[in-house]
Amino acid sequence: MPIYPQQLVILDRDGVINQDSDAYIKSLDEWIPYPDSIDAIARLSQSGYIVAIATNQSGIARGYYDEAVLTEMHARLTTLVETAGGSIAHIAYCPHGPDDNCTCRKPLPGLLHDIQRVLGLSSLSGSWMVGDSLRDLQAGHACGCRLVLVKTGKGAQTAQKDLGLNDALICTNLKDFADKLLAGRLG
Ligand SMILES: O=P(O)(O)OC[C@@H](O)[C@H]1O[C@@H](OP(=O)(O)O)[C@@H](O)[C@@H](O)[C@@H]1O
Ligand SMILES: [Mg+2]
Ligand SMILES: [Zn+2]
């Protein structure tokens, strides 16, 4: 079954799906999903949307945790979503630090291109990118995504800035985004 770009919802992780911390999310115990985020992802999946995740994880390069711990977090996330009746199509992460000159650290679009490749899409134009930081929106903008800033995590601070991306929609949280999208209120 072909996937259309408009069906794809790309989510930032920390500050959108789960609580964020300026001290990084360094262990499975620190990975705490927001109360309604798992259900929001499941409802999007059940309604025919394809959900993927694009997350910077510089804590790995900084030595705060390793890829095994990250895999545990993502196994927990996937299990919770599947138990709620949904699915996550792909989790793309950047393990690099700011000085590693990689091509995948947001605001660069490398993680989104990875998702595009894995899902066999020719374009991400019209896909949704939901984040709490400007760099999430910048990565989405580079791919022609429709941009949504949620006010959880760093989102309230981000909303105070001049985003320079005047087409970004603002939602209270991931639940609010899912509610509005599924109600046909986001166009
Ligand atoms: O929001 P996503 O992309 O899912 O993940 C963000 C995290 O990897 C961490 O990203 C760091 O930014 P630096 O990588 O140090 O610039 C800081 O903002 C941390 O507070 C945050 O937990
Ligand atoms: Mg974030
Ligand atoms: Zn990278």
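**Metal sites and helices in a predicted model**

Both cysteine 94 and cysteine 102 are buried in this predicted model.

Student: Which protein atoms are the donors of the zinc ion (ligand 3)?
Tutor: Along the chain the donors follow the spacing C-x1-H-x5-C-x1-C. They lie 2.0 to 2.3 Å from the zinc ion. The atoms are Cys94 (SG), His96 (ND1), Cys102 (SG) and Cys104 (SG).

Student: What is the geometry of the site of the zinc ion (ligand 3)?
Tutor: There are 4 donor atoms, with angles of 103 to 117° among them. Four donors count as tetrahedral if all angles lie between 85 and 135 degrees. The site of the zinc ion is therefore tetrahedral.

Student: How many residues apart in sequence are the parts that aspartate 12 and aspartate 132 tie together?
Tutor: The magnesium ion (ligand 2) has Asp12 (OD), Asp14 (O) and Asp132 (OD) as protein donors, lying 2.1 Å from it. Aspartate 12 belongs to the loop between β1 and α1, and aspartate 132 to the loop between β4 and α5, so the pair joins parts of the chain that are 120 residues apart.

Student: Are aspartate 12 and aspartate 132 buried or exposed?
Tutor: The donors of the magnesium ion (ligand 2) follow the spacing D-x1-D-x117-D. Buried means under 20% relative accessible area. By that cut-off, aspartate 12 and aspartate 132 are both buried.

Student: Within what arc do the buried residues of α3 fall?
Tutor: The buried residues of α3 are Val69, Leu70, Met73, His74, Leu77 and Val81. Seen down the helix axis, they line one face, because they fall within an arc of 135°.

Student: Which residues are exposed on the other side of α3?
Tutor: What covers the buried residues of α3 includes α1 (37-46), β2 (50-56), α2 (58-61) and β3 (90-94). On the other side of the helix, the exposed residues are Thr71 and Thr83.

Student: Which residue caps the N-terminal end of α3?
Tutor: Helix α3 covers residues 67-83. A side-chain oxygen lies 3.1 Å from the backbone nitrogen of alanine 68. The cap is aspartate 66.

Student: What positive phi does glycine 120 take just after α4?
Tutor: Helix α4 spans residues 110-119, and its buried residues include Leu111, Asp114 and Leu119. The buried residues of α4 pack against β1 (8-11), β2, β3, β4 (128-131) and α5 (134-142). Just after this helix, the phi of glycine 120 is about 70°.

Conventions:
Residues are numbered from 1 along each chain as its sequence is written. Chains are lettered from A and ligands numbered from 1 in the order in which they are written. This is a predicted model: local features need pLDDT of at least 70, side-chain atom pairs count only at pLDDT 80 or more; totals for chains, interfaces and linings use all residues. Side-chain values use heavy atoms; hydrogens and water are left out. Helices (H or I, at least four residues) and strands (E, at least two) are DSSP runs, numbered from the N terminus. The expected span of a helix is 1.5 Å times one less than its number of residues. Buried means under 20% relative accessible area, exposed over 50%, partly exposed in between (1.4 Å probe, protein chains only). The arc is that of the directions from the helix axis to the C-beta atoms. Contact means heavy atoms within 4.5 Å. A polar contact is a pair of N or O atoms within 3.5 Å; within protein, one must be able to donate a hydrogen and the other to accept it, and residues adjacent in sequence count only if both atoms are side-chain atoms. Donors are N, O and S atoms within 2.8 Å of the metal (3.2 Å for Na, K and Ca); water is not among the atoms, so sites may look incomplete. Four donors count as tetrahedral if all angles lie between 85 and 135 degrees; four count as square planar and six as octahedral if opposite donors are over 155 degrees apart and all others between 65 and 115; anything else is irregular.
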